[in-house]
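This briefing goes through a structure by topic: helix packing, the sheet, and the surroundings of a ligand. Please keep the sequence and the 3D view open while reading.

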Amino acid sequence: MIRKLFHRAVAKVFRRAEPGRHSPATIPATRHGIRREQVSPGARRTCETLQKAGHRAYVVGGAVRDLIAGIEPKDYDVATDATPDEVRSLFRRSRIIGRRFQIVHVMQGAETLEVSTFRAAHDEDTLKDEHGRVLRDNVWGSIEEDAARRDFTMNALYYDPARETVLDYHHGVDDLKKKTLRMIGEPRTRYREDPVRMLRAVRLSAKLGLAIDPGTRAPIREMGKLIDNVPPARLFDEMLKLLFSGHAVDAVHRLRDEGLHHGLLPLLDVILEQPMGEKFVMLSLASTDARIRADKPCSPGFLFATLLWHEVLADWEARKKAGGLPTPALYEAMDAVLDQQAEKLAITRRIAGDIKEIWALQPRFEKRARRMPFRLVELPRFRAAWDFLVLRADSGEIGRELADWWTEFQDADNERREAMLQPETGKKRRRSRGRGTKAQEDAGGGGEA
Ligand code: ATP
Ligand code: MG
């Protein structure tokens, strides 16, 4: 009892001395509901090793949140008062990564744990850009400071596998149980420090089925423009997380409700305003969601190919109207759309290559005479291109018949395939030897479509 009083007195002094310092609620297992065995063995072992060496160590962030919400975490983060060098010396299979703020990757069996040292709060010395965006933070701090610089209350929970308790500095467990996503601190300041938090608010609320607290939600509409200042590579990572969350349809609806689809994703801007484009994108996101939830692989190339397709169609149409030949016009349209988006979205060259392959194969589905279909089904990208064709049919952009024909053709035996072929249409195929590239011939099947 006396010890408790003493601790309270000390805590009070500290609280006065350090602005923003809160003493945490210690939540027992009966209330947070996490059983130790649910936590990955690697995360438990990492905390144990650190604690045995005299350090504080907790599972932190998204994993604790997800476990309380009944979702299996994707990965585990550990927070500790040990410095990166100290962490490194305790684990044979570990390496320090990051230049500005070092963290340690600890390998435990097939798992990789991200171990970070408690970070300090921002102060007047923190380097920011002219909009208030934090450019650098590389100072170690206390666990209280570490909690305060996290984004949402439910992301500032520290699970101690040894004691099976959760330290909760900002009423995150309550918020999570009330299904409310709430920013820690003053939302406007926190969005200025890092505008990506607006996207995180939308993504996490969709993932966990939460309502965004009104005070956290209101500024998003006014401050959405700040996302323009975020480096493209970071934006791209965040968009990938959103699109591959398994809740992309919901997340995109929420983005639109918050007015965030404007400027954020130029592709969403245009597409969501054309009825046909919107239907196509939503079907594509719904199929991605279904695949993710069924643990099937999804490629960014395919998804971005669908997101950008209606822009390619519009651009292609304009070029053909201006007198361009179909195949070269398609290639020009593809490059124009990708150039414009790649800059903003930091689409890598590899992904851009995948996208183009899927697009370039589309006109070839029209050719159902002679040997063309036989050649097409053998191409490595046939499956992806056919999936894409089916989505086009589902959205009403093209007739069902074409997609159904290819669905049947690919599974048919040789005899049936021969019987399915369509008669040659009048004029002879023009030879295109010496003209165009191999890829162009693959796309257009030689000559003009
Ligand atoms: P998920 O992994 O499900 O996408 P997450 O919340 O775990 O969601 P991470 O990017 O893995 O997201 O971040 C881990 C933790 O780091 C978060 O839970 C949060 O505490 C903190 N964090 C991440 N991004 C930010 C940010 N932009 N501002 C403040 N804290 C952040
Ligand atoms: Mg995470």
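How close do the axes of helix H17 and helix H19 come, and at what angle do they cross? The model is predicted, and in it the two axes come within 9 Å and cross at roughly 65°. The points below start from this helix pair, then turn to the sheet and to ligand 1.

**Helices around H19**

- Helix H17 covers residues 349-361 and helix H19 covers residues 382-394; H17 passes H19 in a right-handed crossing.
- On the H17 side, Ile358, Trp359 and Leu361 make the contact, and on the H19 side Ala384, Ala385 and Phe388 do so.
- Sorted by class, the contact of H17 with H19 holds six nonpolar residues, no polar residues and no charged residues.
- Helix H15 (residues 300-321) also meets H19: the axes come within 11 Å and cross at roughly 35°.
- The crossing of H15 with H19 is right-handed.
- From H15, the residues Phe302, Ala305, Thr306 and Trp309 meet Ala384, Asp387, Phe388, Leu391 and Arg392 of H19.
- The contact of H15 with H19 has six nonpolar, one polar and two charged residues.
- Ala384 and Phe388 of H19 appear in the contact with H17 and also in the contact with H15.

**The sheet**

- Eight strands make up an open sheet with mixed pairing, and their order is E1-E10-E9-E2-E3-E6-E5-E4.
- Why do strand E1 and strand E4 each have one side without a neighbour in the sheet? Strand E1 (25-27) and strand E4 (94-97) stand at the edges and have a single partner strand each, so one side of each is left free of a neighbour.
- From one strand to the next, the twist averages 30°.
- Strand E5 (residues 103-108) pairs with strand E6 (residues 111-117) in the antiparallel sense over five bridges.
- Within this pairing, Val106 has Leu113 of E6 as its bridge partner, and Gln108 has Glu111 of E6.
- E5 and E6 form a hairpin with two residues between them, and Gly109 in the turn has a positive phi of about 60°.
- E6 also pairs with E3, here in the parallel sense and over four bridges; Thr80 stands opposite Thr117 in E6.

**Helices on the sheet**

- Helix H4 (residues 62-69) lies across E2, E9 and strand E10 (165-168), and runs at about 60° to E2.

**Ligand 1**

- How many residues surround ligand 1? There are 16, and the closest are Arg65, Asp194, Arg197, Arg203 and Lys207.
- Arg197 has a side-chain N or O atom 2.8 Å from a nitrogen atom of ligand 1.
- Arg203 has a polar side-chain atom 2.7 Å from an oxygen atom of ligand 1.
- Asn155 comes in through its backbone: an N or O atom there lies 3.0 Å from an oxygen atom of ligand 1.

Technical notes. Residues are numbered from 1 along each chain as its sequence is written. Chains are lettered from A and ligands numbered from 1 in the order in which they are written. This is a predicted model: local features need pLDDT of at least 70, side-chain atom pairs count only at pLDDT 80 or more; totals for chains, interfaces and linings use all residues. Side-chain values use heavy atoms; hydrogens and water are left out. Two strands pair if DSSP finds at least two bridges between them. Axes are lines fitted to C-alpha atoms, for helices over the stretch in contact, and angles run from 0 to 180 degrees between N-to-C directions. Contact means heavy atoms within 4.5 Å. A crossing is left-handed if the near helix is turned anticlockwise from the far one by less than a right angle, and right-handed if clockwise. Ala, Val, Leu, Ile, Met, Phe, Trp, Tyr, Cys and Pro count as nonpolar, Asp, Glu, Lys and Arg as charged, and the others, Gly among them, as polar. A residue is near a molecule or strand if one of its heavy atoms lies within 4 Å of it. A polar contact is a pair of N or O atoms within 3.5 Å; within protein, one must be able to donate a hydrogen and the other to accept it, and residues adjacent in sequence count only if both atoms are side-chain atoms.
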